[in-house]
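Look at the chain below before reading on. Some short questions come after it.

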Amino acid sequence: VQLQASGGGLVQAGGSLRLSCAASGLTFNRYYMMWFRQAPGKEREFVASISRSGGTSYYEGSVKGRFTISRDNAKNAVYLQMNSLKPEDSAVYYCAAVRFATQAPGDVEWWGQGTQVTVSS
């Protein structure tokens, strides 16, 4: 299984980025897909999740209304559109796959390699 995240970069506060995660080696539509993030010195935290069909999504409170998770099961891909970015959103962002709904990093079955997002003030 491979989860290849991309799309990170340096952006000014208030800007936008779109992260992508391409999955291979798994039956994609059987997995909930999630994004987590980890800032230096902090624990990895849940950001957003999307159900197998894409019909249901959940967000961590501080990103609700600014971030949107989506998926394309035909392309085995999940996305995270991040708008109105803030310096506190700076972190390494990881995509993840799990076969049941969870927000706990310890439950994740497959992790991507991470992509760095840096938001300057």
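The questions below deal with one strand, the core and a pocket.

This is a predicted model, in which local features need pLDDT of at least 70 and side-chain atom pairs count only at pLDDT 80 or more, while totals for chains, interfaces and linings use all residues. Residues are numbered from 1 along each chain as its sequence is written, and side-chain values use heavy atoms, with hydrogens and water left out.

Q: Along S1, which side chains point to one face and are buried?
A: Strands are DSSP runs (E, at least two residues), numbered from the N terminus. In a regular strand the side chains alternate between the two faces of the sheet. In S1, Gln 2, Gln 4 and Ser 6 point to one face and are not buried (buried means under 20% relative accessible area, with a 1.4 Å probe and protein chains only). The buried side chains, on the other face, are Leu 3 and Ala 5.

Q: Which residue in S3 stands opposite Gln 4?
A: S1 and S3 run antiparallel and are joined by 5 bridges; two strands pair if DSSP finds at least two bridges between them. Opposite Gln 4, in S3, stands Ala 22.

Q: How many residues does the largest nonpolar core have?
A: A nonpolar core is a set of buried Ala, Val, Leu, Ile, Met, Phe, Trp, Tyr and Cys residues joined through side-chain atoms within 4.5 Å. In the largest one, the residues with the most contacts inside it are Trp 35, Leu 80, Met 82 and Tyr 93. Elements that give two or more residues to this core include S1, S3 and S8. The core's residue count is 30.

Methods:
Buried means under 20% relative accessible area, exposed over 50%, partly exposed in between (1.4 Å probe, protein chains only). Helices (H or I, at least four residues) and strands (E, at least two) are DSSP runs, numbered from the N terminus.
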